[in-house]
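Please load the model in your viewer and keep the selection panel at hand. The stops below proceed from one selection to the next.

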Amino acid sequence: MERVSLEKVRAVFADYECEGLQIRCKTSWAETIGIKPGDFGADTNRWLVGDEEVPAATLEAALIVACEMVNRG
């Protein structure tokens, strides 16, 4: 299981909204980024982070990818 630093996630995202299966992560300096399952109902270990489908086994791993995407700009 992947270890996630919640401090890292909290340092990047100031607020979150959930609607259905999508989480919208908000920052004060970048565009809001959405995270949702890549292929709901299938065990593909993929998440849609923004417009990109990324291999991530868990939501926590997808959050880390979202942090990296926001920090890259």
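Select Cys 25 first: its bridge partner in S3 is Ile 33. The model is predicted, so local features require pLDDT of at least 70 and side-chain atom pairs count only at pLDDT 80 or more, whereas totals for chains, interfaces and linings use all residues. Residues are numbered from 1 along each chain as its sequence is written, and side-chain values use heavy atoms, with hydrogens and water left out.

**The sheet**

Extend the selection to strand S2 (residues 22-26) and strand S3 (residues 33-37), which pair in the antiparallel sense over three bridges. Two strands are said to pair if DSSP finds at least two bridges between them. Helices (H or I, at least four residues) and strands (E, at least two) are DSSP runs, numbered from the N terminus. A hairpin of six residues joins S2 to S3.

Now display the whole sheet, which is open and has five strands in the order S1-S2-S3-S4-S5, with antiparallel pairing. At its edges are strand S1 (15-19) and strand S5 (52-55), each pairing on one side only. From one strand to the next, the twist averages 25°. Add helix H2 (residues 59-72), which packs on the sheet and touches S2, S3, strand S4 (46-49) and S5; the direction of H2 makes about 155° with that of S3. Here contact means heavy atoms within 4.5 Å. Axes are lines fitted to C-alpha atoms, for helices over the stretch in contact, and angles run from 0 to 180 degrees between N-to-C directions.

**Strand S4 and its partners**

Next, select S4. On one side, S3 and S4 pair in the antiparallel sense over three bridges, and Pro 37 stands opposite Trp 47 in S4. S4 and S5 also pair in the antiparallel sense, over four bridges; Leu 48 has Glu 53 as its bridge partner in S5. The hairpin of S4 and S5 has two residues between the strands, and Gly 50 takes a positive phi near 65° there.

Which side chains of S4 are buried? Trp 47 and Val 49 point to one face and are buried, while Arg 46 and Leu 48 point to the other and are not. Buried means under 20% relative accessible area, exposed over 50%, and partly exposed in between (1.4 Å probe, protein chains only).

**The loop before S4**

Move to Asn 45, in the loop between S3 and S4. Asn 45 is partly exposed, with a relative accessible area of 41%. Apart from neighbours within four places in sequence, Asn 45 is in contact with Val 54, Pro 55, Ala 56 and Ala 57.

**The largest pocket**

Select Ala 30, Glu 31, Thr 32, Ile 33, Val 49, Gly 50, Asp 51, Met 69, Val 70 and Gly 73, which line the largest pocket. On a 1 Å grid over the protein atoms alone, a pocket is an open set of points where a 1.4 Å probe fits, with protein on both sides within 12 Å along at least five of seven lines; lining residues have an atom within 4 Å of a point. The volume of the largest pocket is about 200 Å³. Its lining has five nonpolar, three polar and two charged residues.

Within this selection, centre on Ala 30, which is found in the loop between S2 and S3 and counts as partly exposed at 27% relative accessibility. Ala 30 and Val 70 are 40 residues apart in sequence and 6.7 Å apart in space, C-alpha to C-alpha.

**Helix H1**

Finally, select Leu 6 in helix H1 (residues 6-12). Leu 6 counts as partly exposed, at 46% relative accessibility. The C-alpha atoms of Leu 6 and Leu 63 are separated by 9.6 Å.

Conventions
Grid points are joined across faces, edges and corners, and a volume is the space filled by probe spheres set on the points. Ala, Val, Leu, Ile, Met, Phe, Trp, Tyr, Cys and Pro count as nonpolar, Asp, Glu, Lys and Arg as charged, and the others, Gly among them, as polar.
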